[in-house]
Amino acid sequence: MCGIVAYVGSKQCQDLMLEGLKRLEYRGYDSAGIATMHNGKINVVKTIGRVANLEDKLETVGGVRGTIGMCHTRWATHGGVTDPNAHPHTDDRAGICLIHNGIIENYASLKTYLQEKGHVFKSQTDTEVLAMLIGELYDGDLEAAVQAALREVTGAYGIVVMCEKEPETLVAARKGSPLMVGVGNGEFVIASDGSAIIAHTSHAFSLEDYQVVKVTPKGFRTSTIHNVPVTPKVQQLEIDLEQIELGSFSHFMQKEIFEQPKALRNTLRGRTDIREGKIVLGGVGSFAKQLTMAKRIVLTGQGTALHAATIGEYLIEDLARIYSVAEYGSEFRYRNPIIEENTVVVAVSQSGETADTLAALIEAKERGALALGVVNVVGSSIARETDAGVYLRVGPEIGVASTKAFTGQVAVLTLVALYLARRRHMSADQCADMIRELEQVPDKMERILEDDARVRTVTEKYIDRDNWLFLGRGYNYPTALEGALKLKEISYIHAEGMPAAEMKHGPIALINDGMPAVFIANRGRQYEKVISNIQEVKSRGGRIIAVATEGDEHIKTLADDVFYVPDVPECLSPMLTVVPLQLMAYHAALLRGHDVDKPRNRAKSVTVE
Ligand code: G6P
């Protein structure tokens, strides 16, 4: 997702805005730009590449001056990665300058209209169309021009606009793309994420869809795009700087892998009652009855969240005995889905902003489903759309490759499954036993993390191999998918994850001498079957890396390398078996010399379909 940072106040804002922009770098982008206004003149500098490239370019031009300005990181959608397509964009008449996250869907017809009026475009973007449209409608009042333009627009936007004729004013607006306004003392920071605000002020409010804010150093005014005044709720930002800084770690992904035990304790805290043998989920309280009566549960998400959702599918079906299915939001939404009575849709998402997941959720709601959220970012779009929900509480996740959010999602889905099971048929004793096991997971995770150096050594052995398989069964089939995704997304090694039994139906043809096959072979109902699958790969020359249960000596006779995880009930095992796979992906990316936290072509949060 693109990043937005804008400032108005009394300080020279170039450097402070760039600092904020760096905090958003993790979201993924391919170009960056800045504009400030000084003596009523807007100065724009933009470039493809990193914020560091923008800093170099600024240095060569002597920087930009001004106490009002905006900057942006762009992740290309309309138009290639070029300097002219980078933001900010300006209009050709009224001195308008604009940055934008999202997509203007009707940009083509608006562009034709504006070209007929004589406007000349310099880029291929939908954003420039919006800048021109605001310029076209500008009649001495920037706020009114922005409102009028947005009434003509379909699509998604988080925008910040300034105008040379109003040198102390920023106007920002939102529909479907998050935007927050940090309220300081005589200064305001507008950003797409609180982490770019927190260094300046901890007071902030979020814009709602179709809301517009006009900000000057003296204050702000919020309204709708139809100019109906609204009063925002200024709140305390719940982020502290330590959470979004690296500390002693080299990368955010590494920090977040190692943070998992602590994060998980946070996820579980206050949600289990061992004495009563029950799960306490405050966020679903008023819908408890409806949830318990569910006949079908549809879990939806994308990427890592979908893998967690698939484990949720197994958990809910196995423990709560409710028919459940996990599906990509992007597929579910467009398949004309059947939503029968007593269907619950569960949207699983770290950011709470993934466009496909959000769209699937809305589709299911419109067809009558009860909507539950399993989300990390408090107050995000998905969290707001759901009827009820359980937050992950794992803290901000910055690494593009999701790690602690995954284990947090699985933990929350385990709680949800146990909550439902207990209300349906599970005894207090059985539930108390599971809680006891669940509460030991963070300590057991710590033991796996101690094996980090060995994971690196093993990864090094296979680092020149370009094709890997990840295989698992049952609860650990989704773990295999997640292991493959982790490896490919940051090390760019081709990896496929699949159910171990499926391998025989085609992928086995790929196995040649030395191909690494990672088996999740912990003890469980299908252990023997996984062992047979290992034999099948081994006899064809594949190299076996196994994730196995501590004490399993037999596996050593089959596998080339083994990572041990402590014993847990099978349904809790993915939270442990995934950890060596995360570490392996991390080390593979480093060994291949890649930027772990900023993998190519990737974005932390994908807010376009
Ligand atoms: C992007 C991220 C992935 C993430 C997926 C879903 O592709 O890079 O790491 O799993 O979106 O994101 P969400 O925020 O909905 O969990």
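**Exercise 1.** Which helix gives the largest share of the shell around the ligand?

*Solution.* Start with the model: it is predicted. Next, look at the shell around the ligand. Its largest share comes from helix α9, residues 303-320. That share is 3 residues.

**Exercise 2.** Sort the shell around the ligand by class, then name the residues that come nearest.

*Solution.* Step one is the sorting. The shell has 8 polar, 4 nonpolar and 2 charged residues. Step two is the naming. Of the 14 residues around the ligand, the nearest are S349, Q350, S351, T354 and R602.

**Exercise 3.** Find what lies close to oxygen atoms of the ligand at T304, Q350 and T354.

*Solution.* Take the backbone first. At T304, a backbone N or O atom lies 3.0 Å from an oxygen atom of the ligand. At Q350, a backbone N or O atom is 2.6 Å from an oxygen atom of the ligand. Now turn to a side chain. An N or O atom in the side chain of T354 sits 2.5 Å from an oxygen atom of the ligand. How much of the ligand's accessible area does the protein cover? On its own, the ligand has 380 Å² of accessible area, and the protein covers 92% of this.

**Exercise 4.** Place E25, then test it for a salt bridge.

*Solution.* First, the place: E25 is in the loop between α1 (14-23) and β2 (31-38). Second, the burial: E25 is buried. Third, the test. The nearest side chain of opposite charge is K598, 4.3 Å away. The cut-off for a salt bridge is within 4 Å, so E25 has no salt bridge. Last, look for another partner. The side chains of E25 and Y29 are joined by a polar contact of 2.5 Å.

Methods:
Residues numbered from 1 in each chain as written. Predicted model: local features only at pLDDT ≥ 70, side-chain atom pairs only at ≥ 80, totals over all residues. Heavy atoms only, no water. Near = heavy atom within 4 Å. Polar contact = N/O pair within 3.5 Å; in protein donor to acceptor, adjacent residues only side chain to side chain. Areas by Shrake-Rupley, 256 points an atom, 1.4 Å probe, with all protein chains shown as cover. Helix = DSSP H or I, 4+ residues; strand = E, 2+ residues; numbered from the N terminus. Nonpolar A, V, L, I, M, F, W, Y, C, P; charged D, E, K, R; others polar. Buried < 20%, exposed > 50% of the residue type's maximum accessible area, 1.4 Å probe, protein only. Lys, Arg positive; Asp, Glu negative; His and termini not counted.
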